[in-house]
Each structure stands twice: as structure tokens, then as C-alpha cells.
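Good morning, colleagues. Please look at the structure on the screen; I shall speak about its internal and open spaces.

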Amino acid sequence: MGSPFSARLREAAAPVWEACLTHPFVTGIGDGSLPVEKFRYFMLQDYLYLFDYARVFALGVVKAREPALMRTFAQNVNAILDGEMNIHRAYMARLGITEEQVLQSKPALDNLSYTNYMLSVAQNGGPMEIVSAILACSWSYAEIGQALAKLPGAAEHPFYGEWVQGYCSTEYTACNQALIDLMDRLAADANAAQLAYLTDIFVNCSRYELGFWDMSWEMRP
């Protein structure tokens, strides 16, 4: 029995993920040196991003034919809207930002490009294409959270520690592992052309992740 398909995805995206892990925005969270205004911009854009991210999962509910798979996608929609977004809401409260103010903000062009790509993949594909598009964000944040948590004081930082704790938590790690396992299950009977396309989707979304860090660092409109 060969390696799971997810290992192929991780290997294909390795150079991009290394660039994410060493990005000045990410390392700034880890050592506490990131300027708060950059983090504020990031949180606003990421909050807007998560609505479309949830919509990609919701398309999984539409496309799935197995009740159990429908429930899995639906549970992830709830995990985003009432779970991951709570990290953002807590920071927004600390920064004096209301949800109404966020929703009046416009997504940056890089943000729009990324979410439009994922939604296009979801609308034109099926469950395995949807999971491939979703997984790059979930998995890269899990790795970033775990890497930053190993740095002295990062998880205890008075401002950024909550963010680190959120993405290295047992709950988040388990949710991400469930998506990795789902990717492997859905791709188990895929042919070579399908696997190549899934890999392209995953790498493209990984590149968009790196671009999101660039966008946030530069605060691009």
C-alpha cells in the first residue's frame, strides 16, 4: 500500500508552505513584533474570507450524495461560522471593531481572487475537488499554529498568544486531520488525471495562502 494522497499534496506544496512559515507576517506573530495595524488589516480581511470559505463547504453539502458526507460538510460550515470566527470576534472586540464595520469593508483584490477561485472549483467540481480547495487553508494554518506554539512565549504572548493557541489547539488539529482523512478517502479511487487536477488545486490554493500573507503584510487594497 502506497502513501496516502495527502502526502503527495503536502510534498507538492512544500516550497510554498516553507515560504509561509518564514513569512515576516507569520514570524512577527511568533515573536510578537508584528505591528498591530497589520494584524488588524489581516483580521478584517480574514473575517471576510471566512464567509466565502464557509460557502465553499456549503457547496459540498449541495454536491454530496452521501448523507454522512453532507453532514460532514454542514458541520464544517458551523465550525467556521460559530467556531473559528470566534477567534476573530474576540480580537475585533479588543481592537474596537464591530461586525457591522467589518461587513462594510471591501475584500482586497487578492482576497477576492482567492475566494473566487475556490468557489469556481467548488461550483464546477464535486466533493473531492471541494476538499482539495479547502484543505490548503486548514492544513497550513494547523502547521503554522503548531510551529509558532514551539517558540518560547509565543502561545503566552498577551496579544498574539490567543491566535497561536487557537490554531494549535486540540480541537483545531482534530478538525484539520478529519479533512486530511476525508481527502484521502475521496481520492482513493481517483484516476491519474483527477489526482493531478486535485494536486493543482491544492498547490494553487497554497500559493493563494502565501499571497494572503503578502497582502496582509503590505496591507494591499
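The lining of the largest cavity comprises four nonpolar residues, one polar residue and one charged residue. In this classification, Ala, Val, Leu, Ile, Met, Phe, Trp, Tyr, Cys and Pro count as nonpolar, Asp, Glu, Lys and Arg as charged, and the others, Gly among them, as polar. The model is predicted: local features need pLDDT of at least 70 and side-chain atom pairs count only at pLDDT 80 or more, while totals for chains, interfaces and linings use all residues. Residues are numbered from 1 along each chain as its sequence is written, and side-chain values use heavy atoms, with hydrogens and water left out.

A cavity, on a 1 Å grid over the protein atoms alone, is a set of points where a 1.4 Å probe fits but cannot get out; a pocket is an open set with protein on both sides within 12 Å along at least five of seven lines; lining residues have an atom within 4 Å of a point.

The lining of the largest cavity consists of Trp17, Cys20, Leu21, Ser140, Glu143 and Ile144. Helices α2 (14-21) and α8 (127-149) each contribute at least two of its lining residues; helices are DSSP runs (H or I, at least four residues), numbered from the N terminus.

Which residues are closest to the centre of the largest pocket? Of the 19 that line this pocket, they are Ala79, Gly83, Glu84, Tyr172 and Cys175. The lining of the largest pocket receives at least two residues each from α4 (36-63), α5 (67-94), α8 and α10 (170-186), and α5 gives the most, with eight. By class, this pocket's lining has nine nonpolar, seven polar and three charged residues.
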